[in-house]
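Please open the model in your viewer and keep the selection box handy. We will go from stop to stop, picking residues and looking at what is there.

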Amino acid sequence: MNEMVTIPRAEYDRLRAAAEDLADLQAYDRAQAALAAGEEELIPSEYAARLIDGENPLRVYRDLRGMTQAALAQAAGVNRVTVAEIETGRKHGSVATLRALAGALGVTVDDLTG
C-alpha cells in the first residue's frame, strides 16, 4: 500500500528548492575534488572564448600549453606540417594522429574534435 503525506504547497516548494541547492553543492564539491586531483583543469576565459568562437581547438590548446607547432609535432611524434594543416582546416587528421596530439597536449581527442 502506498503511503501518502500531504503538506502545504509552500513547504513542498521550500523542500524542492533545498534539494536543488543540495544537488548544486554536491556538483560543486565533485568539481573541486576533480580539480584538486588533477583530473580537470580550469581554462582561462580568453582561451574558452576562442573555443566558443569556433577557433581550431588544436591551435587553442597548443597556445594554452605555450607550445610551437614544431614542439607539439615533436612531442606527438608527427610532422609539423600535419599540425599546421590540421590547425588551418586543410586536413582533419587520422584518429592515430589526433590521439598522439591529444596525448602531447594533455587533453582528450574529443577536446580536439569538439
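Is Asp29 buried, partly exposed or exposed? Select Asp29 and switch on the surface: with a relative accessible area of 49%, Asp29 is partly exposed, because the exposed class begins over 50%. Keep in mind as you look that this is a predicted model. Asp29 sits in helix α1. Now add Glu3 to the selection and draw a C-alpha to C-alpha distance: the two are 34 Å apart in space, with their positions 26 residues apart in sequence.

**Along α1 and the segment before it**

Stay with α1, which spans residues 9-36, and select Glu11 and Arg14. Their side chains form a salt bridge, at 2.8 Å from N to O. The two residues are 3 apart in this helix, so about one helical turn separates them. Glu11 is partly exposed at 30% relative accessibility, and Arg14 is partly exposed too, at 47%.

Next, select Val5, Ile7, Tyr12 and Leu15. Together they make a nonpolar surface patch of about 380 Å² accessible area. Ile7 belongs to the segment before α1 and is partly exposed, with 38% relative accessibility.

**Helix α4**

Move on to residues 69-76, which are helix α4, and colour its buried residues: Gln69, Leu72, Ala73 and Ala76. Looking down the axis, you will find them on the same side of α4, because they cover an arc of only 100°. Gln74 and Ala75, on the other side, are exposed. To see what covers the buried residues, show α3 (57-64), α5 (80-88) and α6 (95-105), which are among the covering elements. Just after the helix comes Gly77, with a positive phi near 75°.

**Helix α6**

Give α6 the same treatment. Its buried residues are Thr97, Leu98, Leu101, Ala102 and Leu105. Their arc around the axis is only 130°, so they share the same side of α6. Turn to the other side and you meet Val95, Ala96, Arg99 and Gly103, which are exposed. The cover over the buried residues includes α3, α4, α5 and α7 (109-113). Here the residue after the helix is Gly106, whose phi is positive and near 75°.

**The nonpolar core**

Which residues of the largest nonpolar core touch the most other members? Select Leu58, Leu72, Val83, Leu101, Leu105 and Leu112, out of 15 core residues. At least two core residues come from each of α3, α4, α5 and α6, and α6 gives the most, with 4. For a closer view, centre on Val83: leaving aside neighbours within four places in sequence, it contacts Leu58, Gln69, Leu72, Ala73, Val78 and Leu101.

**A salt-bridge network**

The last stop is about charges; the structure holds 10 salt bridges. Select Arg59 and Glu87, whose side chains meet at 3.6 Å, N to O. This pair links distant parts of the chain, as Arg59 is in α3 and Glu87 in α5, 28 residues apart. Arg59 is partly exposed at 26% relative accessible area, whereas Glu87 is buried at 4%.

Then select Arg62 and Asp63, another salt-bridged pair, at 3.7 Å from N to O. Arg62 is buried, with 10% relative accessibility, while Asp63 is partly exposed at 27%. To finish, show Arg50, Glu55, Arg59, Arg62, Asp63 and Glu87 together: salt bridges with shared partners join them into one network.

Definitions and conventions. Residues are numbered from 1 along each chain as its sequence is written. This is a predicted model: local features need pLDDT of at least 70, side-chain atom pairs count only at pLDDT 80 or more; totals for chains, interfaces and linings use all residues. Side-chain values use heavy atoms; hydrogens and water are left out. Buried means under 20% relative accessible area, exposed over 50%, partly exposed in between (1.4 Å probe, protein chains only). The arc is that of the directions from the helix axis to the C-beta atoms. Contact means heavy atoms within 4.5 Å. Patches are made of residues with over 30% relative accessible area and no salt bridge: like charges are joined within 9 Å, nonpolar side chains (Val, Leu, Ile, Met, Phe, Trp, Tyr) within 5 Å. Accessible areas come from the Shrake-Rupley method with a 1.4 Å probe; for residues, only the protein chains shown count as cover. A salt bridge is a side-chain nitrogen of Lys or Arg within 4 Å of a carboxyl oxygen of Asp or Glu. A nonpolar core is a set of buried Ala, Val, Leu, Ile, Met, Phe, Trp, Tyr and Cys residues joined through side-chain atoms within 4.5 Å.
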